[in-house]
Amino acid sequence: MCGIVGYIGSRSAQQVLLSGLARLEYRGYDSAGVAIMDGEQIQVRKKAGKLANLSGELLALPLSGTLGIGHTRWATHGLPNDTNAHPHATEDGRLVIIHNGIIENYLTLKEGLMARGHVFLSQTDSEVLAHLIEEKYDLVNGNLYEAVRQALSEVRGAYGIVVTHALHREIVAARTVSPLVMGVGEGEMFLASDVPALLPYTRRMVFLHDGDMVVLSDDGFRVTDLAGNAVARTVEQIDWDAEAAEKGGYDTYMLKEIYEQPVALTNTLIGRLHDETGEVNLDIDLDPSSFKRISIIACGTAYYAGLVGEYLIEQLARIPVEVDVASEYRYRDPLVSKDTLAIVISQSGETIDTLEALREAKRGGARTLGIINAKGSSMTRELDDTLYIHAGPEIGVASTKAYTSMVGAMLMLALWLARARGTLTQEAGKELLHAARALPRLVEEALEPARVERIKAVAEKYAHSRDYLFLGRGVNAPTALEGALKLKEISYIHAEGYAAGEMKHGPIALIDAALPVVVVATESRLLEKTISNVQEVRARGGQVILLLSDGDTENAQHADEVLYVPRSHEMVSPVVNVVALQLLSYFTAAHLGRDVDKPRNLAKSVTVE
Ligand code: AGP
């Protein structure tokens, strides 16, 4: 998830681009760059690190021109450095692009272009677009719009792309999955991946839809679809203030990130699932048969994603898995050998307990794999392999989209191992792959307004409870643990998560009429067992809030409150089910007036022991 800005008009493009990028730095902040057209020349400046590095250089050696594009990066392919920073230009420097998203088939396209003599400077997937468009440009008599349109017909994946060419006073852009919004000014036009960048200049916005292409010129814009047909788009008046805009119109970053989960999951899965073959391609060079056991090590929410991973890997790939909290693992002198694959899971890639546990596993001779969000983070520099989850920057301290993307990554890893080690048939692999492919849509459904309203009502009804208990079984036992953690973190209500079958061995003593008990009882082989645990709660007067799969009216009789969630395959259900628990915690905390984005006593990345 990067930040994109474009401008054509009469102002200093440098000034518009830098102020826009500053307002989009929450989208990506590991490198930045601009390209500004001055007469028949395009000057490109880019710098690794925070935007301030680039602004410092531009203030010292400013670029003049009134047409330009700018980018702040959240690396997906290629480490954060000056060369991999955007914009990317063709060898002659005349055609320049910036891109937000992931090009699924970039390797195939790159091989073809290199075979036809194109020379690549960066490790990014994005640079492929510059060369592909250049190739089309020469074939369509220098029609920039047509060159971009034809090039995109060969591209698979997610993109918000913006293109300029030294011989054309226009900007061509297009989007699929990644967002793009246009700002309409008086005699000037603006473009950005999000509203905050445009607010200082205009409040007249055009939100481009998936598959839209647009040409911006000094006197306006025209929008078409990817087939070249003109499409009409309305100019909307936006009255958000800058802070609200950074949150995309949501009250908090946490709520915004909950709603970003469908796109984050799309980016986690993109380019890795092959429907025809049922195979998963993880772009890591780990030999799936080179180890006998797996250690999963993490902290907090990432640890719960590890517990789901344990369930999926043992079930599907039949490899013994141990899951440890990192702060214990590093001091318990763990049994590690070269037959061990140590998997560390982390959003930030900086959590010190997990980093030290990684070092402990390496000292023991383990092969190491990271399930990480932040590119270029400390852990990624010490790991043998890293499977990036591509969830984009997560600003809310309470992790949401990183969790669902981590579980999505664990599912893909389990599938990959199972297919490679022959413990799963191609048919069964395809069935699960299709279930995984459906996750972004199912999470979209879990966020439907009627469901959200229902969850809000239940949350507010029980917001003044002193304690909460969360229960789940099987692959959803960790879902209950994550639900309890989210509630604790942001509402400060004492909450326990427990495997439902374990309740009668202790926590059942907590149950009385004042205790809300949330039970994850969606479609699964263990549903009946879970319902019998629900009856144990009911028999002691507990308030049962039941998560049921759509259409399960029969079990609704066992609940005081029912929260219906989209029906999904049991193995992928932890991703779908946790959304309701994220929202339950969110609305409880909001109702209690908590600072949801910066809860007390917590830090987004825990770099102390
Ligand atoms: C989760 O909401 C918390 N922020 C916390 O438990 C977090 O999961 C933990 O600190 C691990 O962080 P990491 O994923 O960045 O390593």
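Accessible areas here come from the Shrake-Rupley method with a 1.4 Å probe. On this basis, the chain of the predicted model exposes about 22100 Å², and carbon and sulfur atoms supply 50% of that area. Of the 609 residues of the chain, 62% count as buried.

The secondary structure of the chain comprises 19 helices and 26 strands. The radius of gyration is 25 Å, close to the 25 Å given by the globule rule for 609 residues, so the chain is as compact as a globular protein of that length. Along the principal axes, the C-alpha atoms fill a box of roughly 80 × 55 × 45 Å. Among contacts between residues at least 6 apart in sequence, 70% join residues at least 24 apart.

The ligand is surrounded by 15 residues, of which Ser346, Gln347, Ser348, Thr351 and Ser399 come nearest. By class, the shell around the ligand divides into six nonpolar, seven polar and two charged residues.

Oxygen atoms of the ligand take part in several side-chain contacts. A polar side-chain atom of Thr351 lies 2.6 Å from a ligand oxygen atom, and an N or O atom in the side chain of Glu489 is 2.7 Å from an oxygen atom of the ligand. For Lys486, a polar side-chain atom is found 3.2 Å from a ligand oxygen atom. On its own the ligand has 410 Å² of accessible area, 91% of which is covered by the protein. Two or more residues of the shell are given by each of helix H9 (300-317) and helix H17 (477-491); H9 provides the largest share, three residues.

Definitions and conventions:
Residues are numbered from 1 along each chain as its sequence is written. Side-chain values use heavy atoms; hydrogens and water are left out. A residue is near a molecule or strand if one of its heavy atoms lies within 4 Å of it. A polar contact is a pair of N or O atoms within 3.5 Å; within protein, one must be able to donate a hydrogen and the other to accept it, and residues adjacent in sequence count only if both atoms are side-chain atoms. Helices (H or I, at least four residues) and strands (E, at least two) are DSSP runs, numbered from the N terminus. Ala, Val, Leu, Ile, Met, Phe, Trp, Tyr, Cys and Pro count as nonpolar, Asp, Glu, Lys and Arg as charged, and the others, Gly among them, as polar. The radius of gyration is taken over C-alpha atoms; the globule rule is 2.2 Å times the number of residues to the power 0.38. Buried means under 20% relative accessible area, exposed over 50%, partly exposed in between (1.4 Å probe, protein chains only). Contact means heavy atoms within 4.5 Å.
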